[in-house]
Amino acid sequence: MTTTNWNTLYGLYYGNHMVDSLTDTVFFSDLLPERCPTLYQSLDKILKGNDIDHRLLSHTKDIWCRDYMPIQTSEKRFVFYKYNPDYLQTKYYQRIITDVNRIENIECLRQDGEVVDLDLVIDGGNVVRCDDKIIMTEKVFFENKDKSRNEVQRLLEEAFECDIIFLPWDRNEIFGHSDGIVHYIGDNRVLMTNYADFYAVKARQFLKNLEKYVEVIPLTYNVKRKHERSWAYINFLQIGKLVLVPQLGIPEDEQALQQIADAMSSCKVIGVPALEAVRKGGALNCISWNVATTRWNNGFMGEEYSVHGRPVSWIKKAAEKGYRNWQCNLGCCLFYGQGIEKDIVAANRWYKKSAEQGSTQAQFNIGLSYYKGEGVEKDYSKAMHWFTKASEQGDADAQLHVGRCLEETNASNKEILAAYRKAAGMGQPEAQCFLGEWYYYGEKGLTVDIGETYKWWRKAAERGYYQAQYKIGDCYDFGRGVKRDTKEAVKWFKRSASKDYIPAVYTLGLCYYFGNGVRKNKKEALKCFKRAAKYDYAEAIYMIGYYYYNDIVDEEEAIKYYKRAAELGCETAKEILSRVLLKSEEPSFDDVPF
């Protein structure tokens, strides 16, 4: 029986950080409409047209709200910091430093959220959030000279609860912002600006620091003369699946738009004329503060919980008038208790009303309720009826669940395969991954075919499905269905590990430990093993013990980890533990549990 990743099906992923793809609301300074009127009008029109909630922050003193607003790292967690940059130290510029605590309703965020007050001077523009790491320039060390480099790094790692990738600070660029150099786009990948066109040495340094941890895709432009403002493209704004790219009225515009669209193929990419802001020294990321709104928004937003900018009271009235999309939205609010008391039974009633009017999302939602038995009696027949309805309207996740219902009702392999093939053909990555697995093991009546296995896993991996990314890494590592390429394997392991898929995190640790496809780095390996150990991954815990025994030569500490790994069922740990305790022999490389 297969298992469901519900977060994937709902299009959600809650990793270590609240990255741009998970945000749903964007704020701008209340000065932006006055300072950049044409740009603001364009943003307002585009955001409204794409149902993106956008607001203005009160009592700001400049338009660059990215620099001073708190950094959201998870659903309700925000990092506040000291905003007092060295480039604003004259008496004139001190007057335009925004006091975040004066922004309307900020206290509600402090009360409802999980707030960390970081005792460091930083700019929000120098913090690029990735799934499991942060990218900053080394300017942060120069702005906190009262503390040692180690102390600054420690404080950052504690506040953001992750590793920090530091890039060299280009002294010619006084701001020292990392969001003018790179932008995280998911799957352990970053886009990097065309620094090489202006400062090749510094660009090589950036690549050297970044490529140890992420896949880097540099932006390049085929033009006769490189424009000095082409840096602005990397400073695009992403809210969920919408990406807004600065347009400057120069030949590079179209090339930048195409490259970003190619790299972010699952997103809607739109160009926005942004010269008004760029001439002032920043671009779209600089002028925005994009967040994922959750329970804390009730106070901070100053009104009821809203969906696409509409409060729940309005949604309820629209649903009662028979509008199917708002009936579905009301069902979601009731199902999850968002802005209204949770009532799954009532949620299903609204889902059904909406589904009967043809709402694809409602058809899927009511089907899921019948499939899981939430608020209604579990009924695979009714679930399949609604999943089929949604599938007929192009919902690939619904088609996947047609296959799941067939499995639950013991249908024939032929029927199950047909359902999954249809979902896979519609681009559903989980179905693609399962097809690959069945070809690998010769299940569901299929003949073992490693070529088909690789084909389907690759399709799923390219759509960002973390389990398939790990499996493709494994294919490259062992040459299954493709020519062996350990460097390519590491690339895929990193993508999967960036989504906290623990087998990939552990395997990446092994790659670093033994130098398989990547330069040997035992400290980086230990980080991976410890990260996997948090989830009680026995083999990773064993490798921590192995590291302490062989590399640190700390037998007492090693035995602690061997014991823990043995308790979790690691047979190698049990065997090695007995050897170590009996002093009969030392562990060897042959004892590593692959």
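The second largest pocket in this predicted model has a volume of about 990 Å³. Its lining is made up of 32 residues. If you would like to find the pocket on screen, go to Glu173, Phe175, Trp231, Gly281 and Gly282, which lie nearest its centre. The lining is mixed in character: 15 of its residues are nonpolar, eight are polar and nine are charged.

From an open space we can move to an enclosed one. Rolling a probe the size of a water molecule over the atoms shows where empty space is left. Counting cavities of 30 Å³ or more gives one. The largest cavity has a volume of about 240 Å³, and 19 residues line it. Nearest the centre of this cavity you will find Asp20, Arg66, Val127, Arg129 and Asn285. Which elements give two or more residues to its lining? They are four strands: E3 (71-72), E6 (128-129), E9 (182-186) and E15 (288-291). Strand E15 gives the most, with three residues. Sorted by class, the cavity lining holds nine nonpolar, six polar and four charged residues.

Now let us follow the chain into its helices, starting with H14 (residues 324-336) and H16 (residues 360-372). These two helices pack at an angle of about 35°, and their axes are 9 Å apart. The crossing of H14 with H16 is left-handed. On the H14 side, the residues that meet the partner helix are Cys328, Cys332 and Phe335; on the H16 side they are Gln361, Ala362, Asn365 and Ser369. This contact has four nonpolar and three polar residues, with no charged ones.

Next along the chain come H17 (residues 380-392) and H18 (residues 396-408). Their axes come within 8 Å and cross at roughly 155°. How are the two helices oriented to each other? Angles over 145 degrees count as roughly antiparallel, so H17 and H18 are roughly antiparallel to each other. H17 also passes H18 in a left-handed crossing. From H17, the contact takes in Tyr380, Ala383, Met384, Phe387, Thr388, Ala390 and Ser391. These meet Ala398, Gln399, His401, Val402, Cys405, Leu406 and Glu408 in H18. By class, the contact of H17 with H18 contains nine nonpolar, four polar and one charged residues.

The pair H19 (residues 413-425) and H20 (residues 429-441) has axes that come within 8 Å and cross at roughly 130°. That angle falls outside the ranges for roughly parallel, roughly perpendicular and roughly antiparallel, so H19 and H20 are oblique to each other. Their crossing is left-handed. H19 brings Ile416, Leu417, Tyr420, Arg421, Ala423 and Ala424 to the contact, while H20 brings Ala431, Gln432, Phe434, Leu435, Trp438 and Tyr439. Ten of the residues in this contact are nonpolar, one is polar and one is charged.

Just past H20, the backbone is worth a look. Lys444 is in the loop between H20 and helix H21 (450-462). The phi angle of Lys444 is near 55°, a positive value in a residue other than glycine. Another positive phi turns up at Asp536, where the angle is near 60°, again in a residue other than glycine. Asp536 has its place in the loop between H25 and helix H26 (538-552).

One more loop rounds off the tour. Gly517 lies between helix H24 (502-514) and helix H25 (522-533). Which residues does Gly517 touch, leaving aside those up to four places away in sequence? They are Thr486, Lys487 and Val490. If you then pick out Arg531, you will see that it is 14 residues from Gly517 in sequence, and that the two are 20 Å apart in space, C-alpha to C-alpha.

Note on methods. Residues numbered from 1 in each chain as written. Predicted model: local features only at pLDDT ≥ 70, side-chain atom pairs only at ≥ 80, totals over all residues. Heavy atoms only, no water. Axes fitted to C-alpha atoms, helices over the stretch in contact; angles between N-to-C directions. Parallel < 35°, antiparallel > 145°, perpendicular 65-115°, else oblique. Left-handed = near helix turned anticlockwise from the far one by under 90°. Contact = heavy atoms within 4.5 Å. Nonpolar A, V, L, I, M, F, W, Y, C, P; charged D, E, K, R; others polar. 1 Å grid on protein atoms, 1.4 Å probe; cavity = no way out; pocket = protein on both sides within 12 Å on 5 of 7 lines; lining within 4 Å. Points joined across faces, edges and corners; volume = space filled by probe spheres on them.
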